[in-house]
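Work through the exercises below on aromatic rings and the charges placed over them. Each task is followed by a worked solution.

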Amino acid sequence: MKILRRHWMIAILTVLAVAAFAVFQLKGNDNRQYFTAKVDRGDISQVVEATGTINAVTTVQVGSQVSGTVSRLYADFNSGVKRGQVIAQIDPSLFEGSLLQARADLANARASVATAKANFQKALALQVQTTGDYERAKALTAQRVMSMQQLDLAKANYDSAVAGASAADAQVKQAEAQVQQREAAVSVAQTNLDYTTIRAPIDGTVIARNVDVGQTVAASLQAPTLFTIAQDLTKMQVYASTDESDVGAIKPNQRVTFKVDAYPKESFSGLVSQVRMNATTVQNVVTYNTIIDFDNPEMKLFPGMTAYITIPVTSA
């Protein structure tokens, strides 16, 4: 019994020694560091971050309603233009020929009206003459001076003259209708000729030119875009894609800050104008366009730049 007790004591002492050594080793490898800071007060803000694209407030695509070859260009990239200013010219030769042909057809139609009216007056004169002959024939037949055959002949001449006058009147109306048709053709030809001169629809800056001199534009299916004009680059917008979970916290007139890669050290500001309800879904992620208005007086920011937007929604 004494020997067994001694063995138990040795085993217990050995376990205690190992435990003490392990604790000592772990305590020696404790590299934890503690830092202290002064208690302070400050603001805590909740923000919505998004990425968007800078766009002009109004962008107009200038196209051509007629087909032809571009003969001249009067505007280029970054050109400032005024409303009504000529910015391109399509070769007008074919359209000038069509206009001359339409005017010749109109003159011919007007001459036909004059001829038809003259024939109508002639038919009316014949009708007056045959009317008199018929009336006299009826009187003479009643007095038994003229035979019934002569009366029938006078009646036939009278009816023929009346029909001839009606036909001449119809020809006059037909000729006048032809004149109206030819006038419409002249108007269309003139309009097509006017469309060969491309004018700026608004005051602005040309941000894209899609044609060169000598290039043929085809407007048979849809109007080709020749230029893209931004109306006013001093007032622009950011189209930011915001997640559906964030749009509930975004309100109009909220102050927004954003940065662009072109000026990484500068921050720009604007105001939220609206959150558009048209949703965009990409891989089950729903986003909405948030429109941010901002001033660009120095025209440092260009359309198409990527903006990194920060929208503060809550602060404490």
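**Exercise 1.** Is Y263 buried, exposed or partly exposed?

Solution. The model is predicted: local features need pLDDT of at least 70, side-chain atom pairs count only at pLDDT 80 or more, and totals for chains, interfaces and linings use all residues. Residues are numbered from 1 along each chain as its sequence is written, and side-chain values use heavy atoms, without hydrogens and water. Buried means under 20% relative accessible area, exposed over 50%, and partly exposed in between (1.4 Å probe, protein chains only). Y263 has a relative accessible area of 25%, so Y263 is partly exposed.

**Exercise 2.** Classify the ring pair of F258 and F294 and place both residues.

Solution. Rings of Phe, Tyr and Trp (its six-membered ring) pair if their centres lie within 6.5 Å; planes under 30 degrees apart are stacked, over 60 edge-to-face, the rest tilted. A search of the whole structure gives 3 aromatic pairs. For F258 and F294, the centres are 5.1 Å apart and the planes at 65°, so this pair is edge-to-face. Strands are DSSP runs (E, at least two residues), numbered from the N terminus. F258 is in strand β11 (residues 255–260) and F294 in strand β13 (residues 285–295), so the pair ties together parts 36 residues apart in sequence. F258 and F294 are both buried.

**Exercise 3.** Describe the surroundings of the Y263 ring.

Solution. Y263 forms an edge-to-face pair with F268, at 6.3 Å centre to centre and 70° between the planes. F268 counts as buried, at 15% relative accessibility. K300 lies over the face of Y263, 4.6 Å from the ring centre; this requires NZ of Lys or CZ of Arg within 6 Å of the ring centre and within 35 degrees of the ring normal. Ring pairs link Y263 and F268 with F258 and F294 into a cluster.

Notes. Helices (H or I, at least four residues) and strands (E, at least two) are DSSP runs, numbered from the N terminus.
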